[in-house]
Amino acid sequence: MAKEYKLWLSLGGFYEASSQHPGKKFHNTHLIIDEQGDIKAIYRKIHLFWITLPNGISLDESKYCEPGKDIVVVDSPVGKLGLTTCYDLRFPELYVALRKAGAEILLVPSAFTLTTGKDHWDPLLRARAIENQCYIAAAAQWGLHNKKRESYGHSCVIDPWGAVVSTCSDKAPTLAIHEIDLNYISKIRKTLPVWEHRKENFYK
């Protein structure tokens, strides 16, 4: 698909066999593929999801997944991409690390549950964009997976000011499209230079 349409693709998560526990555990893996069909980056999800929902259903990703160990930033034609996956969104330190590594666009492929997504999805995405003055592109699974699992959806693009500039419907398959403006990132970072005011000695 990448070669046919001359597109870069962000794909995740895929189950990738763990080298430490072959046949028993996997990585939740996020791939970046370039327009030639070559894999440019591999990110293995660091924060594994665990929750017990009000209806008593328990979801524990660590039962079958192994956490990743590395943050990943990769150059692309539209800017430097910072890779994350789903539950990572709740850990702002990861996004700070990606910004420090040069990220301009933060990618967050996700499958937030309906229960958490309806209250947390939008504010968490906007917070990560505002805090790090980066674009966010968040592709989200939507609908009923099985009797126990329903995903919230609402894929979107958020700009470095925290504005939701494109979003998908929760009623039918749609696309969220927005042009990335690296000059706008620079403008936001110069207008509100919060990163120059960080007190790193207090954050250890």
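## Close-up views of a predicted model

**View 1. Gly12 sits partly exposed in a strand.** Gly12 is partly exposed, since its relative accessible area comes to 32%. This is a predicted model, and our tour of it starts in strand β1, where Gly12 has its place. Which residues does Gly12 touch once its neighbours within four places in sequence are left aside? Gly12 is in contact with Thr29, His30 and Pro109. Leu107 is 95 residues away from Gly12 in sequence, yet the two are 10 Å apart in space, C-alpha to C-alpha.

**View 2. A cis peptide bond joins Gly12 to Gly13.** Stay with Gly12 for a moment and look at the bond that follows. The peptide bond from Gly12 to Gly13 is cis, and its omega is near -5°. Most peptide bonds are trans. Gly13 lies in strand β1, which covers residues 9-17.

**View 3. The whole chain, for orientation.** Here is a step back before the next close-ups. The chain holds four helices and 13 strands. Its C-alpha trace spans about 50 × 40 × 40 Å along the principal axes. A compact globule of 204 residues would have a radius of gyration near 17 Å, and the chain agrees with this because its own value is 17 Å. Of the 204 residues, 42% count as buried. Taking contacts between residues at least 6 apart in sequence, 57% join residues at least 24 apart.

**View 4. The surface and its charges.** About 11700 Å² of the chain is exposed, and carbon and sulfur atoms supply 55% of that area. How many positive and negative side chains does the chain have? There are 26 positive and 23 negative ones, and the centres of the two sets lie 5 Å apart.

**View 5. The largest nonpolar core has 31 residues.** Within this core, Leu83, Leu89, Trp121, Leu125 and Ile136 touch the most other members. Several elements each supply at least two residues of the core: β3 (39-44), β7 (79-83), α2 (92-100), β8 (105-107), α3 (114-132), β9 (135-138) and β12 (156-158). Which element gives the largest share? That is α3, with four residues.

**View 6. Leu89 and its contacts.** Zoom in on Leu89, one of the core members that touch the most others. Leaving aside neighbours within four places in sequence, Leu89 is in contact with Tyr95, Val108, Phe112, Trp121, Leu124, Leu125 and Arg128. Apart from the largest core lies another one, of six residues, including Ile51, Leu53, Leu59 and Tyr87.

**View 7. Helix α2 and what covers it.** The buried residues of α2 are Leu94, Tyr95, Val96, Leu98 and Arg99. Their cover includes the strands β3, β6 (73-76), β7 and β8, along with the helices α3 and α4 (182-191). After α2 comes Gly102, which has a positive phi near 105°.

**View 8. Two residues with positive phi.** Most residues other than glycine have a negative phi. Cys86 is not a glycine, but its phi is positive, about 45°. Where does Cys86 lie? Its place is the loop between β7 and α2. Cys86 counts as buried because its relative accessible area of 14% is under 20%. His154 also has a positive phi, near 65°, in a residue other than glycine. His154 is found in the loop between β11 (149-152) and β12.

**View 9. His21 in a loop after β1.** The loop between β1 and β2 (26-33) holds His21. Is His21 buried, exposed or partly exposed? With a relative accessibility of 32%, His21 counts as partly exposed. His21 and Lys45 are 24 residues apart in sequence, and their C-alpha atoms are 16 Å apart in space.

**View 10. Asp70 on an exposed loop position.** Our last stop is Asp70, in the loop between β5 (58-60) and β6. Asp70 is exposed because its relative accessible area of 53% is over 50%. Not counting residues up to four places away in sequence, Asp70 touches Tyr43 and Ile46. Asp70 and Ala127 are 57 residues apart along the chain, with 23 Å between their C-alpha atoms.

Technical notes. Residues numbered from 1 in each chain as written. Predicted model: local features only at pLDDT ≥ 70, side-chain atom pairs only at ≥ 80, totals over all residues. Heavy atoms only, no water. Core = buried A, V, L, I, M, F, W, Y, C linked by side-chain atoms within 4.5 Å. Buried < 20%, exposed > 50% of the residue type's maximum accessible area, 1.4 Å probe, protein only. Contact = heavy atoms within 4.5 Å. Rg over C-alpha atoms; globule rule 2.2 N^0.38 Å. Areas by Shrake-Rupley, 256 points an atom, 1.4 Å probe, with all protein chains shown as cover. Lys, Arg positive; Asp, Glu negative; His and termini not counted. Charge placed at Lys NZ, Arg CZ, Asp CG, Glu CD.
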